[in-house]
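Got the model loaded and a selection box ready? Let's walk through its open and enclosed spaces, one selection at a time.

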Amino acid sequence: MDTSMITNVSEYEEVAKGKLPKMVYDYYASGAEDQWTLKENRHAFERIRFRPRILVDVTSVDTSTTVLGHKISTPIMVAPTAMQRMAHPEGELATARAVASHNTIMTLSSWATSSVEEVASVGPGIRFFQLYVYRDRNVVAQLVRRAERAGFSAIALTVDTPILGRREADIKNRFNLPSHLTLKNFEGLDLGQMEKTQDSGLASYVSGQIDKSLSWKDVKWLQTITSLPILVKGVITAEDTHLAVQNGCAGIIVSNHGARQLDYVPATISALEEVVKAAGGRVPVFLDGGVRRGTDALKALALGATGVFVGRPVVWGLAAEGEAGVRKVLQLLKDEFTLAMALAGATKISEITRAHVQTEQERLAQIPSTITYSRL
């Protein structure tokens with residue numbers, strides 16, 4: 001496909017699939033087990049309808065917003081995606097430059113193939129650091145301090161991965177990090193390489209290194225070693241939302257890990273409102289998973305999200321065209337979001353309300369019963 005003719009971010013996936021080795025494409029694209037949640041992350045967005053307001057002056061539409069005190073151009077941010085140099089030689093560095101050019105937020109994965117220092121070296125930008133908690137807490141403390149020194153603004157603590165989900169594509173492909181790459185943040189700690197195995201090298205790595213005992217007490221411990229705000233990434237229930245707030249988290253990312261952990265959990269957009277209601281405005285709530293259109297971002301904000309994070313589309317853009325591809329992915333999403341706001345009758349983020357959308361449950365509740373009963 002001629003990339004100059006691309007009109008939406010999903011078309012970048014087709015280009016990326018043609019460029020990437022099968023093992024790499026499957027790693028980025030696949031979900032867990034039956035991949036039901038992977039499909040549901042998209043389908044659930046499709047079941048939400050808009051209730052647009054008309055005769056609103058939309059001559060000027062302002063998509064800017066504030067996240068944890070940072071003014072950004074759009075509530076569409078970049079989710080952590082591991083090992084981006086598998087997609088393009090510049091990997092996370094290209095992504096960082098593209099995201100900074102759009103004045104939005106990039107989240108760097110713990111398992112990046114570029115270090116926090118390398119990413120910081122590309123120039124200024126608002127960046128969060130996604131954290132996996134290793135068994136060796138000294139490794140964690142050292143990594144957090146490095147992220148602080150490199151100018152990162154928040155920690156996004158992933159809490160849904162005590163064990164890696166069963167990703168059958170990775171098992172079939174015997175996924176492993178290509179030999180010329182390392183997990184750069186762990187290079188000097190002898191933790192930057194994966195061993196080759198008979199199934200997924202990443203699953204074996206996680207089993208050997210990541211702490212299965214991670215609990216709320218560790219969130220408290222993290223607060224003692226950093227002054228950075230801690231976002232909890234992987235919450236999809238009201239119960240865990242209450243605990244996150246009680247334990248002093250600065251925000252919540254509603255996430256099912258891109259449908260790569262436990263299959264048959266709800267789509268994140270379906271879980272969002274439950275979390276928003278439980279948070280009760282005490283902390284901001286964000287969403288990742290399944291965002292492929294500007295209309296998806298508008299639906300999430302109408303249901304109470306402060307912003308959304310986009311993962312796979314960024315990698316597809318990166319694989320297709322490097323930094324230019326990531327820039328275009330972000331521009332397409334921003335343009336769609338701006339248009340959707342205007343057509344819904346909202347000229348700034350604060351004007352997006354719950355009344356702008358109707359969920360499937362609300363629609364079904366309005367349908368009168370057509371069942372008739374005969375008396376015997």
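Below is a tour of the pockets, the cavities, one helix and one annotated residue. Bear in mind as you click around that this is a predicted model.

**Stop 1: the largest pocket**

Start by selecting Val159, Asp160, Thr161, Pro162 and Gly234, the residues closest to the centre of the largest pocket. You're looking at about 480 Å³ of space, with 27 residues lining it. For a probe or fragment person, the chemistry of that lining may be handy: 14 residues are nonpolar, 9 polar and 4 charged.

Now colour strand 7 (154-158), helix 9 (216-225) and strand 8 (230-235), each of which supplies at least two residues of the lining. Strand 8 gives the largest share, 3 residues.

**Stop 2: helix 9**

Stay with helix 9 and pick out Asp218, Val219 and Leu222, which are buried. Why do they line one face of the helix? Look down the helix axis: the buried residues fall within an arc of 110 degrees, so they sit along one face. As a reminder, an α-helix has 3.6 residues a turn, so residues three or four places apart point the same way.

Flip to the other side of helix 9 and you'll find Lys217 and Thr224, both exposed. Then show what the buried residues of helix 9 pack against: strand 6 (126-131), helix 6 (137-149), strand 7 and strand 8.

**Stop 3: His257**

Next, select His257, listed by UniProt under "active site" in an unreviewed entry. To find His257 in the cartoon, go to the loop between strand 9 (251-254) and helix 11 (268-279). Is His257 buried or exposed? Its relative accessibility is 11%, so His257 counts as buried, the cut-off being under 20%.

Now bring up the company His257 keeps. Setting aside neighbours within four places in sequence, His257 is in contact with Tyr132, Thr158, Asp160, Thr161 and Arg167. You've met two of those before: Asp160 and Thr161 are among the residues closest to the centre of the largest pocket.

**Stop 4: the cavities**

Time to go inside. How many cavities of 30 Å³ or more does a search of the whole structure find? There are 3.

The largest cavity has a volume of about 430 Å³. Keep His257 selected and add Pro80, Thr81, Gly258 and Arg260: together these five lie nearest the centre of that cavity, out of 28 residues that line it. Helix 2, strand 11 (307-310) and helix 13 each give two or more residues to this lining. By class, the lining has 13 nonpolar, 9 polar and 6 charged residues.

The second largest cavity holds about 40 Å³ of space. Select its whole lining: Ala79, Pro80, Thr107, Phe128, Ala156, Leu231, Lys233, Ile253, Asp288 and Phe309. That set divides into 7 nonpolar, 1 polar and 2 charged residues.

**Stop 5: the second largest pocket**

One last selection. The second largest pocket contains about 230 Å³ of space. Pick Glu13, Arg42, Arg292, Arg312 and Trp316, the closest to its centre among 13 lining residues. Now colour helix 1 (10-19), helix 2 (22-29), helix 3 (36-46) and helix 13 (312-344), which give two or more residues each to this lining. The lining breaks down as 6 nonpolar, 3 polar and 4 charged residues.

Terms used: Residues are numbered from 1 along each chain as its sequence is written. This is a predicted model: local features need pLDDT of at least 70, side-chain atom pairs count only at pLDDT 80 or more; totals for chains, interfaces and linings use all residues. Side-chain values use heavy atoms; hydrogens and water are left out. On a 1 Å grid over the protein atoms alone, a cavity is a set of points where a 1.4 Å probe fits but cannot get out, and a pocket is an open set with protein on both sides within 12 Å along at least five of seven lines; lining residues have an atom within 4 Å of a point. Grid points are joined across faces, edges and corners, and a volume is the space filled by probe spheres set on the points. Helices (H or I, at least four residues) and strands (E, at least two) are DSSP runs, numbered from the N terminus. Ala, Val, Leu, Ile, Met, Phe, Trp, Tyr, Cys and Pro count as nonpolar, Asp, Glu, Lys and Arg as charged, and the others, Gly among them, as polar. Buried means under 20% relative accessible area, exposed over 50%, partly exposed in between (1.4 Å probe, protein chains only). The arc is that of the directions from the helix axis to the C-beta atoms. Contact means heavy atoms within 4.5 Å. UniProt positions are given in the numbering used here, feature names are shortened, and annotations may be inferred rather than shown by experiment.
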